[in-house]
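Thanks for coming. I will take a few minutes on one model, going from the overall fold to the core, the ligand shell and two backbone details.

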Amino acid sequence: MRIGVIGGTGPAGQAVAVQFAGIGIEAVVGSRSEERAAEIVGELTSRWSGRELPLTPGDNAAAAGADLVVVATPWEGVLSTVTDLAEPLAGKIVVSMANALTRWGKGMVPLLPPTGSVTAAVALALPGSRVVGAFHHLPAGPWGDLDHPLDADVMVCSDVRAAAREVVGLIDTLPGLRGVDAGGLGSALAIEALTPALLEVNRRYKTHAAIKLTGLP
Ligand SMILES: NC(=O)c1ccc[n+]([C@@H]2O[C@H](COP(=O)([O-])OP(=O)(O)OC[C@H]3O[C@@H](n4cnc5c(N)ncnc54)[C@H](OP(=O)(O)O)[C@@H]3O)[C@@H](O)[C@H]2O)c1
């Protein structure tokens, strides 16, 4: 299996790519610029030189050509990006991790997309794909550190139940993480809107908070 990361040059996409590469899954780091992707793959390869990570640079179309694709652009760029790539993304699991948020005074607040969530907007834009929301709450800095696995839960939501289960299973194979099936796309609004609250926690406690749910079997 190959994972593609659209917008893979940012902190979040890099974390996704190195975590999957760290367990031996080839990850295509996608970008609007192939040169930028090559530069980032060079940096990651040199940072983790002892690990021989299977990372490949490419443009976003190359990332969309992988078997499972994660969209890791800022929310403002998600819709136009996935719409342009609808053809190569057809038939695939497409994971949206984008949070719609903005600065308000000194803090961060959620924005409400007309569709209720970014994940739902991606699902509407990609009727031929199996769209799943995941990874929204993982702080990219610590998550991108292969030497110190992040101990966190990842809430996963999708109207395509088999796809949600598949992504939960995949997340369970990543060091430190537990995938949690959080239901259909209706859950994406709350999941995405929680992120700015976590950022506010981080600001006040000078940390990188993630979430762990209690009471699960
Ligand atoms: N950072 C985190 O800790 C974190 C955690 C969980 C979820 N997320 C979510 O993950 C997404 C990425 O976060 P990030 O911090 O990595 O973001 P970022 O650094 O701002 O952007 C990621 C990459 O997206 C591409 N990009 C930027 N603007 C774009 C546009 N208008 N259209 C298409 N591509 C664009 C850029 O790559 P190229 O210039 O190379 O194309 C950029 O390197 C966000 O939606 C965020 O809400 C972030």
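Two residues are taken to be in contact if their C-beta atoms, placed from the backbone, lie within 7 Å. Keep that in mind for what follows. Also keep in mind that this is a predicted model.

Overall dimensions, then. The protein has 217 residues, and 47% of them count as buried. Its radius of gyration is 16 Å, and a compact globule with 217 residues would be near 17 Å, so the two agree. Along the principal axes, the C-alpha atoms fill a box of roughly 40 × 40 × 35 Å. There are 9 helices and 10 strands. Of the contacts with a separation of 6 or more, 70% come from residues 24 or more positions apart.

Next, the core. In soluble globular proteins, nonpolar side chains tend to be buried together. Here the largest nonpolar core has 71 residues, and Val-5, Val-71, Val-122, Val-156 and Val-167 have the most contacts inside it. The helix that gives the most to this core is α1, residues 11-22, with 7 residues.

Take Val-71 from that list. What is Val-71 in contact with, leaving aside its neighbours within four places in sequence? The partners are Ile-6, Gly-7, Val-78, Thr-81, Val-82, Val-94, Val-95, Ser-96, Met-97, Ala-98 and Val-122.

Val-71 belongs to β4, where Val-69 and Val-71 point one way and Leu-68 and Val-70 the other, all of them buried. On one pairing, β4 runs parallel to β1, residues 2-6, over 4 bridges, with Val-70 opposite Val-5. β4 also pairs with β5 in the parallel sense, again over 4 bridges, and there Val-69 stands opposite Val-94.

Val-122, another of the core residues, brings us to helix α6. Is α6 enclosed or open to the outside? Of its 8 residues, 118-125, 7 are buried, so the helix is largely enclosed by the rest of the structure. The buried ones are Val-118, Thr-119, Ala-120, Ala-121, Val-122, Ala-123 and Ala-125. Their cover includes β4, α4, β5, β8 and α9.

Now the ligand. It is surrounded by 25 residues, and the closest are Gly-7, Gly-10, Ser-31, Gly-77 and Ala-98. Two elements, α1 and α4 (75-84), give two or more residues to this shell. Of these, α4 gives the most, with 4 residues. By class, the shell has 11 nonpolar, 11 polar and 3 charged residues. Two names recur from earlier: Gly-7 and Ala-98 are among the contacts of Val-71, and both are also among the residues closest to the ligand.

Last, the backbone. Most residues other than glycine have a negative phi, and most peptide bonds are trans. Glu-52 has a phi near 50 degrees, a positive value in a residue other than glycine. Glu-52 sits in the loop between α2 (34-47) and β3 (55-59). Glu-52 counts as exposed because 10 other C-beta atoms lie within 10 Å, and the limit for exposed is 12 or fewer.

Lys-206 is not a glycine either, and its phi is positive at about 50 degrees. Lys-206 is in the segment after α9. With 6 C-beta neighbours inside 10 Å, Lys-206 is exposed as well.

That is the tour; I will leave the model on the screen for discussion.

Notes
Residues numbered from 1 in each chain as written. Predicted model: local features only at pLDDT ≥ 70, side-chain atom pairs only at ≥ 80, totals over all residues. Core = buried A, V, L, I, M, F, W, Y, C linked by C-beta atoms within 7 Å. Buried ≥ 20, exposed ≤ 12 C-beta atoms within 10 Å, placed from the backbone. Near = placed C-beta within 6 Å. Nonpolar A, V, L, I, M, F, W, Y, C, P; charged D, E, K, R; others polar. Rg over C-alpha atoms; globule rule 2.2 N^0.38 Å. Pairing = 2+ DSSP bridges.
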